[in-house]
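The exercises below are meant to be worked with the sequence and the coordinates open side by side. Each one sets a task and then goes through a solution step by step.

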Amino acid sequence: MATTSAPGSFILYGIKNCDTVKKARRWLEENAVDYQFHDYRVEGLDDTLLQTLLNKQGWEAMLSTRGTTWRKLDDATRAACDNEASAKAVMLEQPAVIKRPFLLAPDGQSLLGFKPESYQQFLAQVK
């Protein structure tokens, strides 16, 4: 279920209705960055893709504990998210608990979250 993209293009992972993802997409477009967008809800998220992303950023960084989806989980589920395997299971079941956006560069480097200055530095580093 991995997204195919043109060689040399970035892949932005997230959920299209997320405000932060919208800001990141707008920034990439305004800065003429070639990218493909992978929406977890539309295109899916399988074990292999999620493990690839986790290997780049780590499960603790990728688990968003600030959002509505996290707060709606029962206490036992939240308490069980204390290791990669349990957090990964929750992420696969509830992709909205994954911090976003996740930007993957053509060379394999990645950036989690969005701040214009971070994107500017990241792009300068990978080009």
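## Exercise 1: The largest pocket

The largest share of the lining of the largest pocket, four residues, is contributed by helix H5 (residues 68-72). The model is a predicted one.

**Task.** Describe the largest pocket by its volume, by the residues nearest its centre and by the chemical classes in its lining.

**Solution.**
- Step 1. The space in the largest pocket amounts to about 350 Å³.
- Step 2. Its lining is made up of 16 residues, and those that lie nearest the centre are Ser64, Thr65, Arg66, Gly67 and Lys99.
- Step 3. Sorted by class, the lining residues of the largest pocket divide into seven nonpolar, five polar and four charged.

## Exercise 2: The cysteines

**Task.** Determine how many disulfides the structure holds, and explain why Cys81 has no bond to Cys18.

**Solution.**
- Step 1. The count of disulfides in the structure is zero. Cys18 is in no disulfide, and the nearest cysteine sulfur to its own, that of Cys81, is 19 Å away.
- Step 2. The cut-off for a disulfide is a pair of cysteine sulfur atoms within 2.5 Å. Because the sulfur of Cys81 lies 19 Å from the closest cysteine sulfur, in Cys18, the separation is too far for a bond.
- Step 3. The accessibilities complete the picture: Cys18 is buried, with a relative accessible area of 13%, and Cys81 also counts as buried, at 10% relative accessibility.

## Exercise 3: Helix H7 and its surroundings

**Task.** Identify which residues of helix H7 (residues 84-93) are buried, find which helices they pack against, and then examine the polar atoms around the start of H7 and around Ser86.

**Solution.**
- Step 1. The buried residues in helix H7 are Ser86, Ala87, Lys88, Val90 and Met91.
- Step 2. The partners against which these buried residues of H7 pack are helix H3 (47-57), helix H4 (59-62) and helix H6 (75-80).
- Step 3. At the start of H7, the backbone nitrogen of Ala85 has a side-chain oxygen of Asn83 within 3.0 Å of it.
- Step 4. Ser86, which lies in helix H7, is buried with a relative accessible area of 17%, and a polar atom of its side chain lies 3.5 Å from the backbone nitrogen of Asp82. Leaving aside neighbours within four places in sequence, Ser86 is in contact with Ala80 and Cys81.

## Exercise 4: Asp47 across from H7

**Task.** Starting from Asp47 in helix H3, establish which residues beyond its sequence neighbours it contacts and which side chain it meets in a polar contact.

**Solution.**
- Step 1. With a relative accessible area of 42%, Asp47 is partly exposed.
- Step 2. Once the neighbours within four places in sequence are set aside, the contacts of Asp47 are with Lys88 and Leu92.
- Step 3. The side chains of Asp47 and Lys88 make a polar contact at 3.0 Å. Lys88 is also one of the buried residues of helix H7.
- Step 4. As a check on the backbone, the C-alpha atoms of Asp47 and Ala89 are 8.9 Å from each other, although these two residues are 42 residues apart along the chain.

## Exercise 5: Buried or exposed?

**Task.** Decide whether Ser9 is buried or exposed, do likewise for Glu60, and place each residue in its element or segment.

**Solution.**
- Step 1. Ser9 belongs to the segment before strand S1 (10-14), and its relative accessible area of 4% makes it buried.
- Step 2. Apart from neighbours within four places in sequence, Ser9 is in contact with Asp34, Tyr35, Gln36 and Pro106.
- Step 3. Glu60 is found in helix H4 and is exposed, with a relative accessible area of 60%. Between the C-alpha atoms of Glu60 and Val33, which are 27 residues apart along the chain, the separation is 28 Å.

## Exercise 6: Two backbone details

**Task.** Locate the cis peptide bond between Arg100 and Pro101, and describe the setting of Ala32, a residue with positive phi.

**Solution.**
- Step 1. The peptide bond from Arg100 to Pro101 is cis, with omega near -5°, and Pro101 sits in the loop between H7 and strand S3 (102-104).
- Step 2. Ala32 has a positive phi of about 50° although it is not a glycine. Its place is in the loop between helix H1 (19-30) and strand S2 (35-39), where Ala32 is exposed, with a relative accessible area of 70%.

Technical notes. Residues are numbered from 1 along each chain as its sequence is written. This is a predicted model: local features need pLDDT of at least 70, side-chain atom pairs count only at pLDDT 80 or more; totals for chains, interfaces and linings use all residues. Side-chain values use heavy atoms; hydrogens and water are left out. Buried means under 20% relative accessible area, exposed over 50%, partly exposed in between (1.4 Å probe, protein chains only). On a 1 Å grid over the protein atoms alone, a cavity is a set of points where a 1.4 Å probe fits but cannot get out, and a pocket is an open set with protein on both sides within 12 Å along at least five of seven lines; lining residues have an atom within 4 Å of a point. Grid points are joined across faces, edges and corners, and a volume is the space filled by probe spheres set on the points. Helices (H or I, at least four residues) and strands (E, at least two) are DSSP runs, numbered from the N terminus. Ala, Val, Leu, Ile, Met, Phe, Trp, Tyr, Cys and Pro count as nonpolar, Asp, Glu, Lys and Arg as charged, and the others, Gly among them, as polar. Contact means heavy atoms within 4.5 Å. A polar contact is a pair of N or O atoms within 3.5 Å; within protein, one must be able to donate a hydrogen and the other to accept it, and residues adjacent in sequence count only if both atoms are side-chain atoms.
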